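This report describes a protein chain from its strands and helices outward. Please keep the sequence and the structure in view while reading.

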Amino acid sequence: MIVLSAKDLTKAYGTDVILDKVSFHINDGDRVGIVGVNGAGKTTLLRILTGELPCEEGEFFVSSDTKTGYLRQDGGFDSQKTIIEEVDGIFGGFHAMEREMEKLLAEIEAAAGEDDDGEGLRLVERYDALQERYREGGGYTYKSEMKGILTSMAFGEDSYDKKISTLSGGEKTRLALACLLMRKPDILFLDEPTNHLDIGTLKWLEQYLKSYKGTIVLVSHDRYFLDETVNRIFEIENHRLNIYEGNYSFYAAERKKRRESELKRYEKQQKEIRRQEDMIRRFKERGTEKLAKRAASREKRLAAMDIVERPAGERDTMKISFKADFQSGRDVLEAAGVSKSFGYGAGRVELFHGVDLDVKRGERVCLVGANGIGKTTLLKILMGDMPCSSGRVRIGYNVKFGYYDQGQQLLNGANTVIEEVRDSYGLYTDGEIRNILGRFMFRGEEVFLNVGSLSGGEKARLSLLKLMLSGANVLILDEPTNHLDIESKEVFEEALLDFPGTCIIVSHDRYFLNRIPTRIVELTSDGLENYLGTYDYYVEKKQEQIRSGKQYLEELAESRAGEAVKASESAGDGLSSAERRRLQKEKEAEERRLKRHREALEKEIAALEDEIRALEESLCSQEVATDHVKLAEIGRTLTEKKDDLDDRYEKWLQLQEE
């Protein structure tokens, strides 16, 4: 079933056309990924579909009974509420129903002592209907679901009372995403949902979206995420929309085939046109009437030919290459026993301790870990920009650091683009600087734009340009692929692979992590764990560790059981054979007694569980639901049975430990 359709959507700002006659339809349950270079119009299309932005021409249709939800890139939060107040407001309908049910219960109890049975029956019927609506809507599960989603978005219960106004940009985005998922709209519109998420949260979000019952339309530059979550790709290119029925990998392969096919078709037609034009010219040169007629006939056919347009060339991307002014020593840096804490006394908070790291020239080390664990802090400690609380860091011979910070805080927002480069690299002439800026897609009047007014992607390109000019032999990169479009990411990755120096990179981009690192190190509160491979290898090893951990616990339990048996056997040394047989018989008799006791308890537990299940089912029956006296009696019995069941389970657990 089609839930959204668009026909000939056109959007322009003055003479600058963003979208030109875009048409498509989206079916119920589709997972659509919208891709394209920065500035192609991806967010513009989302805003049109959510009704936030008008279009000059065309129309789109969304079913009237379809509920939509939109996650903006900036999170869209501007609230003085606390986290829990904002989230709790989503479930206001449940709160109203809970208050109504409490009111009805009070009225039912009051009516129980009166003679008007008819009024009591009507109250019970109303309560029953309301309770059913509450149950079907998820009233009995929304609190656990709310806590689960908040926990998955890295909001523990200790953060519930935080004011939203005090949250960072990343925290606001994660909270906005959590609130949107709790609302469960029929169509989810997500604009860069993976920004500010660590790998664990990304994996959780992927699994959640895979099982989401509604329709999803998302903009993302995260190639791994697109592969895992979407089944259709909408590519915005040259103001038009191209549709691919598959995930990102399918799109990348098909797009390459389509470009090659279009180019061959164009070249073949151009070759035929040149051949025809050459024959027409020759016929006319002969000057005979017969050949002149043939020339005229061919000219008519040529004029009627459906001309194939020249395919658009490869999209303009930045041209980047990293070169070191000089080579560093073989030992780049060494960290031993490094820890970092903030605060004093009772308020002291430790980020990590026991960090040991040895980096050699030419390595590409990628640092991963949960949000808030201190990855950026560790980078600053390694460069010497921040002191460590304990331990030491030794920087090698001839090391020159180049730093890319994910927030682009090293850029001066008051400068123009050309001034920003000139201030750092004054030996270049303005002409040379403009040529370099052109390689990073800053052309014409764009070089006079204020840095503070640039988009995230433009600031990222400017930061990479300055990094390229630095001549550093050790690149320290903090989330360098954030804000880059897919084409820019690929160019950047190739530049890193060609770089002869050393790289230490913090990243959550799993596609990037599968291409770049020679080693992945995971930062935890207890130090670093090394994985000598790329992301897929890292995931495989983590799963092996989980499996081996479970196996170790099982083997440990078996070993302890065996030691207990040996100890018991050795205790009988020095006794006569008759005494040992007597002790063995007593032991076997005790084991049989415990076994009978366990089996009896298991039967009692099973019987109690059956009784509780039957009582819970009876609460839903029409006969009980309309009899408030019986309803109260069954409620009391149910409580007693559950208490008995808890006692039985406690005894059973004690027997298991004996």
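Which residue of β8 is the bridge partner of G33? The bridge partner of G33 in β8 is I233.

The structure is a predicted model, in which local features need pLDDT of at least 70 and side-chain atom pairs count only at pLDDT 80 or more, while totals for chains, interfaces and linings use all residues. Residues are numbered from 1 along each chain as its sequence is written, and side-chain values use heavy atoms, with hydrogens and water left out.

**Overall composition**

The protein chain comprises 20 helices and 18 strands; helices (H or I, at least four residues) and strands (E, at least two) are DSSP runs, numbered from the N terminus. Of its 658 residues, 42% are buried, where buried means under 20% relative accessible area with a 1.4 Å probe, protein chains only. The chain exposes about 35700 Å², and carbon and sulfur atoms supply 49% of that area; accessible areas come from the Shrake-Rupley method with a 1.4 Å probe. Among contacts between residues at least 6 apart in sequence, 69% join residues at least 24 apart, contact meaning heavy atoms within 4.5 Å.

**The six-stranded sheet**

An open sheet of 6 strands has the order β5-β6-β7-β3-β8-β9, with mixed pairing. Because β5 (68–71) and β9 (240–244) stand at the edges with a single partner strand each, one side of each lacks a neighbour in the sheet. From one strand to the next, the twist averages 15 degrees. Two strands pair if DSSP finds at least two bridges between them. The table lists pairings from this sheet and from the strands β1, β2 and β4.

| Strand pair | Sense | Bridges | Example of opposite residues |
|---|---|---|---|
| β5 and β6 | parallel | 4 bridges | L71 and L190 |
| β3 and β8 | parallel | 4 bridges | G33 and I233 |
| β8 and β9 | antiparallel | 5 bridges | F234 and I243 |
| β1 and β2 | antiparallel | 8 bridges | S5 and H25 |
| β1 and β4 | antiparallel | 5 bridges | A6 and F60 |

Strand β8 is mostly covered, with 6 of its 6 residues buried. In a regular strand, side chains alternate between the two faces of the sheet. Both faces of β8 are covered: R232, F234 and I236 are buried on one side, and I233, E235 and E237 are buried on the other. The hairpin of β8 and β9 has 2 residues between the strands, and N238 there takes a positive phi near 55 degrees.

Helix α9 (residues 248–286) lies across β3 (31–35), β8 (232–237) and β9, and runs at about 45 degrees to β8. Axes are lines fitted to C-alpha atoms, for helices over the stretch in contact, and angles run from 0 to 180 degrees between N-to-C directions.

**Packing of α9 against α10**

Two packed helices are described by the angle between their axes and the distance between the axes. Helices α9 and α10 (residues 289–304) pack at about 155 degrees, with axes 8 Å apart. The two helices are therefore roughly antiparallel to each other, a term for angles over 145 degrees. The crossing of α9 past α10 is left-handed, meaning that the near helix is turned anticlockwise from the far one by less than a right angle. Residues of α9 at this contact include I273, M279, I280 and F283; among those they meet in α10 are L291, A295 and L302.

**The N-terminal strands and T44**

Strands β1 (residues 2–13) and β2 (residues 16–27) are antiparallel. They form a hairpin with 2 residues between them, and G14 in the turn has a positive phi of about 70 degrees. Strand β4 (residues 57–62) also pairs with β1.

T44 belongs to helix α1 (residues 42–49). It counts as buried because its relative accessibility is 15%. Leaving aside residues up to four places away in sequence, T44 touches K11, Y13, I18, L19 and L53.

**Helix α13**

Which residues of α13 are buried? In this helix (residues 430–439), I433, I436, L437 and G438 are buried. The cover over the buried residues of α13 includes α12 (417–424) and α14 (456–469). Just after α13, M441 takes a positive phi of about 65 degrees.

How values were computed
Buried < 20%, exposed > 50% of the residue type's maximum accessible area, 1.4 Å probe, protein only. Parallel < 35°, antiparallel > 145°, perpendicular 65-115°, else oblique.
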